[in-house]
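Trainee: Could you pick one part of this model and take me through it closely, strand by strand if that helps? I would then like to hear what lies elsewhere in the chain.

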Amino acid sequence: MNTSKTLELFSKDQVATHNKSTDCWVILNDRKIVDVNKYLDAHDDIGNKDTLIALAGQDVTKQLAHFNDLDNDDFLVGYLATDLEEKELLTNKDHKVEVQLINDNQSGEFDSTTFVKELPAEEKLSIATDYKSDYKNHHFLDLNKALIPQILFSNFTKDFYVDQIHRPRHYGKGSAPLFGNFLEPISKTAWWVIPIVWYPVVAYHLIVALRNMNQMFALVLFGIGLFVWTLIEYCLHRFLFHFDDWLPESNIAFTLHFLLHGCHHYLPMDPYRLVMPPTLFVVLCYPFYKAVFAALPLYWAYAGFAGGLCGYACYDLCHYFLHHSKMPKFMRKLKKYHLEHHYKNYQLGFGVTSWFWDKVFDTYLSNDSPLSPIKYD
């Protein structure tokens, strides 16, 4: 099935500024914006250069026969916005909306709230949810309003809450409001906070171990700590973050679930709610810290804890980049695997940095795995 590329929208005034010999755009079919320079580089069609430059910012559909292969997605840079879309550009941070071309065989707009066998094109994950339509169709949360009060004072049943919270929405212009008050800033954490806060702590614990015991053995314990973290990562994700089946019929429980992990499944592409705030991690980490230092000789504990903490920091960074970066080739399968946890089946695929423990505990998310069920349309 042929689909339109999801690219930026540009106003007529913006297109008109690209009217130089080194930077020239033209329009096709009242909609497509084509980069003339890319076209000329590919065809070395110097004879038509002046003609195209003279038509900069204009629709050249009628002259298309004179320019071989100009209507080619390789030269497509975006779409000309309608008057309505020009207004919408102001409310969409990334200037990305779904464009329906008249001649395309589009099956309809991408609906993120329906689990899919095949992941959508990556650029579709930045398309903002239609807030009004979503609230009207699902009667769940209004993304125009603070989310926590809506959950805390709702009359949702557990089944309805669990069904809806795992069906992704996209805010499209930063972070959706959780509290709607002075607490809002502390609910957001940028990815770079993680290495700044935790890698010095890792270094301190490892250095103490290296200075006070056999260095090779300290590094072995550090490696064991890393490996143990992968099991902790799996268990926390599966049994704590996804305690969906054990969730009480309580708005307070729904709110805690939302703050812990539900928010991430509801808004999986929010860049400021992808890594764990340091204060929350301290609370979750403290029991493990006490257990390690109680169970092991002092400097063994320093080395092992350094490995585990390093594993956590790597996990949180990996999690962020799986959602928001073009991964190198060897990481693309892991990216696909994790995004399928969000958009295909949230009841499988609990490993983030690897799928090792998913295979051990039979929760591996494979190509033929079923979709998560949808109970409420």
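Mentor: Gladly, and one definition comes first: two strands count as paired if DSSP finds at least two bridges between them. Please also keep in mind that this is a predicted model.

Let's look closely at the sheet. Five strands make up an open sheet with mixed pairing, and their order across it is β1-β5-β4-β3-β2. At the edges stand β1 and β2 (19-20), each with a single partner strand, so each has one side left without a neighbour in the sheet. In general, the strands of a sheet pair through backbone hydrogen bonds, in either the parallel or the antiparallel sense.

Start at the β2 edge. There, β2 is paired with strand β3 (residues 23-28) in the antiparallel sense, over two bridges. If you want a pair of residues to find on screen, look for Lys 20, which stands opposite Asp 23 in β3.

Now move to β5, which covers residues 76-80. This strand has a partner on each side, and the two pairings run in opposite senses: parallel with β1, antiparallel with β4. The pairing with β1 (residues 9-10) extends over two bridges, and within this part of the sheet Phe 10 faces Leu 80 of β5. The pairing with β4 (residues 32-35) extends over three bridges, and here Val 34 stands opposite Leu 76 of β5. What about cover? β5 is mostly covered, with five of its five residues buried.

β4 also leads us out of the sheet by way of a salt bridge. Lys 32 forms one with Asp 71, and the closest N and O atoms of the two are 3.2 Å apart. The pair joins distant parts of the chain: Lys 32 sits in strand β4, while Asp 71 sits in the loop between α3 (49-54) and β5, 39 residues away. The two partners differ in exposure. Lys 32 has a relative accessible area of 17%, which makes it buried, since the limit for that class is under 20%. Asp 71, at 34% relative accessibility, counts as partly exposed.

That salt bridge is one of six in the structure. Another is formed by Arg 273 and Glu 184, whose closest N and O atoms are 2.9 Å apart. Arg 273 lies in the loop between α10 (251-266) and α11 (278-295), and Glu 184 in the loop between α7 and α8, so this pair ties together parts that are 89 residues apart in sequence. Arg 273 and Glu 184 are both buried. They also belong to a network of salt bridges that links Glu 184, Asp 270 and Arg 273.

The loop between α7 (158-165) and α8 (193-212) holds His 170 as well. At 4% relative accessibility, His 170 counts as buried. Its side chain makes a polar contact, at 2.7 Å, with the side chain of Tyr 343.

Helix α13 (residues 332-343) offers a local pair to set beside the ones that join distant parts: Glu 340 and Lys 336 are four residues apart there, which means they are separated by about one helical turn. Their side chains meet in a salt bridge with an N to O distance of 2.8 Å. Glu 340 counts as buried at 2% relative accessibility, whereas Lys 336 counts as partly exposed at 33%.

For a view of the surface, turn to a nonpolar patch with about 1,100 Å² of accessible area, whose residues include Met 216, Phe 217, Trp 300 and Phe 361. Helix α9 (215-241) and helix α14 (356-360) each supply at least two of the patch residues, and the largest share, seven residues, comes from α9. Trp 300 is in helix α12 (residues 298-324), and with a relative accessibility of 37% it counts as partly exposed.

Finally, here is the whole chain around our sheet. Its secondary structure comes to 14 helices and five strands, and 49% of its 377 residues count as buried. Of the contacts between residues at least 6 apart in sequence, 74% join residues at least 24 apart. The accessible surface comes to about 19,500 Å², and carbon and sulfur atoms account for 59% of it.

Methods
Residues numbered from 1 in each chain as written. Predicted model: local features only at pLDDT ≥ 70, side-chain atom pairs only at ≥ 80, totals over all residues. Heavy atoms only, no water. Buried < 20%, exposed > 50% of the residue type's maximum accessible area, 1.4 Å probe, protein only. Patch = residues over 30% accessible without salt bridge, like charges linked within 9 Å, V, L, I, M, F, W, Y side chains within 5 Å. Areas by Shrake-Rupley, 256 points an atom, 1.4 Å probe, with all protein chains shown as cover. Salt bridge = Lys/Arg side-chain N within 4 Å of Asp/Glu carboxyl O. Polar contact = N/O pair within 3.5 Å; in protein donor to acceptor, adjacent residues only side chain to side chain. Contact = heavy atoms within 4.5 Å.
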